[in-house]
Amino acid sequence: MRATFGPFIVDSQTRELAEGLQVLHLSPKAFDLLLLLLERRPAVVQKGEIASRIWPGVTVSETSMGGLVKEIRRALRDDPARPAFIRTAHSVGYAFVGS
């Protein structure tokens, strides 16, 4: 999958997130979460589904999931108070809202 939103390009085959010619760093799990949110946009992906897809067979805390979302937001310079890309559905999950 290759997706473009704002100034960003995500390529699942090369596993790169880029802004123009600059490749931005995301940890492997944060990259996987970004791909999941992009695949399911604009739907909210529930926390349970995120946990089972990103950490299969492992019990994970919401803090770990929130840490990945924070990492993605930092890379995209996305403000959680006024999200342009990642929206929090409180107590439910997250959704990709970028165009």
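How many Å should the 15 residues of α3 span at 1.5 Å a residue, and how far apart are its end C-alpha atoms? Select residues 62–76 to find helix α3. The expected span is 21 Å, and the end C-alpha atoms are 21 Å apart, which agrees. That expected span is 1.5 Å times one less than the number of residues.

This is a predicted model: local features need pLDDT of at least 70, side-chain atom pairs count only at pLDDT 80 or more, and totals for chains, interfaces and linings use all residues. Residues are numbered from 1 along each chain as its sequence is written, and side-chain values use heavy atoms, without hydrogens and water.

Helices (H or I, at least four residues) and strands (E, at least two) are DSSP runs, numbered from the N terminus.

Stay on α3. Its buried residues (under 20% relative accessible area, 1.4 Å probe, protein chains only) include M65, L68 and I72. Next comes R77, with a positive phi near 55 degrees.

Now show the sheet. Three strands form an open sheet in the order β5-β7-β6, with antiparallel pairing. Strands pair if DSSP finds at least two bridges between them. β5 (45–46) and β6 (86–89) stand at the edges with a single partner strand each, so one side of each has no neighbour in the sheet.

Select β7, residues 93–96. Two bridges join β7 to β5; here G93 partners Q46. Four bridges join β7 to β6; here A95 partners R87. Between β6 and β7, stop at S91 in the three-residue hairpin connection: its phi is positive, near 65 degrees.

Last, select helix α1, residues 28–40. Helix α1 packs on the sheet and touches β5, β6 and β7 (contact means heavy atoms within 4.5 Å).

Conventions
Axes are lines fitted to C-alpha atoms, for helices over the stretch in contact, and angles run from 0 to 180 degrees between N-to-C directions. Buried means under 20% relative accessible area, exposed over 50%, partly exposed in between (1.4 Å probe, protein chains only).
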